[in-house]
Amino acid sequence: QLWSKAAPVLTLVAMVVGGALAGLGTRNWQPLTTTPFWMALLAVPILLAAQFPILALLLRGRSNSWNRLTSLLVMELFFLPSLCAGVAIIANGALDESPRQQQVAPVVELYRTGARDVHTYTVTVESWTEAQDTHTLEISEELYDELQNRQEKAVRLTVGSGRLGWMWCDE
């Protein structure tokens, strides 16, 4: 009885934690590849399949058990990818023991997106690796304004190799 009331609350808490981890990871160790996000999406069906029998056992025998199970699984479709990506990005950046490198990258494109008071500032820079042509990074409003006013548009990035092999940068 207690589980059926606690499960939605725990799932909502997990959604917040998953979003916070993904936000923390991308803010501090912005990956220069989409690999962590694809891996997180691939992990979701495996995690859902692993926990489905457990949830079904815990909720069985109640008249509303399938409704609750379906709503929990739908909520988990949102929290599991952000949780998996957040953990992977944080592990890749925080556990990275490689020496940091300074890279100067010419700006290809600079743009702002968003609504009235909430904006996202993004810069696309030329790549310093042969793996990609460009890198698209989220930047602060201050750096965006500074780049808008500069004659020579280039950014200096601190780059790490990544513990899991995914290059990341810090603004």
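This is a short walk through a predicted model, with suggestions for what to select at each stop.

**Stop 1: strand 2 and its neighbours**

Start by selecting strand 2, residues 101-114. Now add strand 3, residues 119-126. The two run antiparallel and are joined by seven bridges. To see how the chain gets from one to the other, look for the hairpin: four residues carry it from strand 2 to strand 3. For one example of a bridge here, click on Val107 and then on its partner in strand 3, Val125.

Next, bring in strand 5, residues 154-160. Strand 5 is also antiparallel to strand 2, and this time six bridges join them. Pick Val104 and you'll find Arg156 of strand 5 standing opposite. While you have the strands on screen, keep a general point in mind: side chains in a regular strand alternate between the two faces of the sheet.

**Stop 2: the largest nonpolar core**

Keep those strands visible and add strand 4 (134-139) and helix 4 (residues 141-149). Which elements give two or more residues to the largest nonpolar core? They are strand 2, strand 3, strand 4, helix 4 and strand 5. This core holds 16 residues, and Val123, Ile139 and Leu147 touch the most other members.

Zoom in on Leu147. Leaving aside residues up to four places away in sequence, Leu147 touches Val107, Leu110, Val123, Ile139, Lys153, Ala154 and Val155. You've already met Val107 as the bridge partner of Val125.

There is another core, apart from this one, with seven residues. To find that second core, select Ala14, Leu73, Phe79 and Leu80, which are among its members.

**Stop 3: two tyrosine rings**

Now select Tyr121 and Tyr144. Are they buried or exposed? Both are buried. Tyr121 sits in strand 3 and Tyr144 in helix 4, 23 residues apart, so this pair links distant parts of the chain. In general, you describe two aromatic rings by the distance of their centres and the angle of their planes. Here the centres are 4.9 Å apart and the planes lie at 45 degrees, so the pair counts as tilted. The structure's count of aromatic pairs comes to one.

**Stop 4: the salt bridges**

Time for some charged residues. As a general rule, side chains of opposite charge can pair when their charged atoms come close. How many salt bridges does the structure hold? There are three, and you can visit each in turn.

- Select Asp96 and Arg100. Their closest N and O atoms are 3.9 Å apart. Asp96 is buried, because its relative accessibility is 7%, while Arg100 is partly exposed at 40%.
- Select Glu97 and Arg163, whose side chains meet with 3.5 Å from N to O. This pair links distant parts of the chain, 66 residues apart. Glu97 is in the loop between helix 3 (65-94) and strand 2, and Arg163 is in the loop between strand 5 and strand 6 (168-170). With 67% relative accessibility, Glu97 is exposed, whereas Arg163, at 48%, is partly exposed.
- Select Glu146 and Arg150. Here the closest N and O atoms are 2.4 Å apart. Glu146 is partly exposed, with a relative accessible area of 41%, and Arg150 is partly exposed too, at 28%.

How values were computed: Residues are numbered from 1 along each chain as its sequence is written. This is a predicted model: local features need pLDDT of at least 70, side-chain atom pairs count only at pLDDT 80 or more; totals for chains, interfaces and linings use all residues. Side-chain values use heavy atoms; hydrogens and water are left out. A salt bridge is a side-chain nitrogen of Lys or Arg within 4 Å of a carboxyl oxygen of Asp or Glu. Buried means under 20% relative accessible area, exposed over 50%, partly exposed in between (1.4 Å probe, protein chains only). Rings of Phe, Tyr and Trp (its six-membered ring) pair if their centres lie within 6.5 Å; planes under 30 degrees apart count as stacked, over 60 as edge-to-face and the rest as tilted. Two strands pair if DSSP finds at least two bridges between them. A nonpolar core is a set of buried Ala, Val, Leu, Ile, Met, Phe, Trp, Tyr and Cys residues joined through side-chain atoms within 4.5 Å. Contact means heavy atoms within 4.5 Å.
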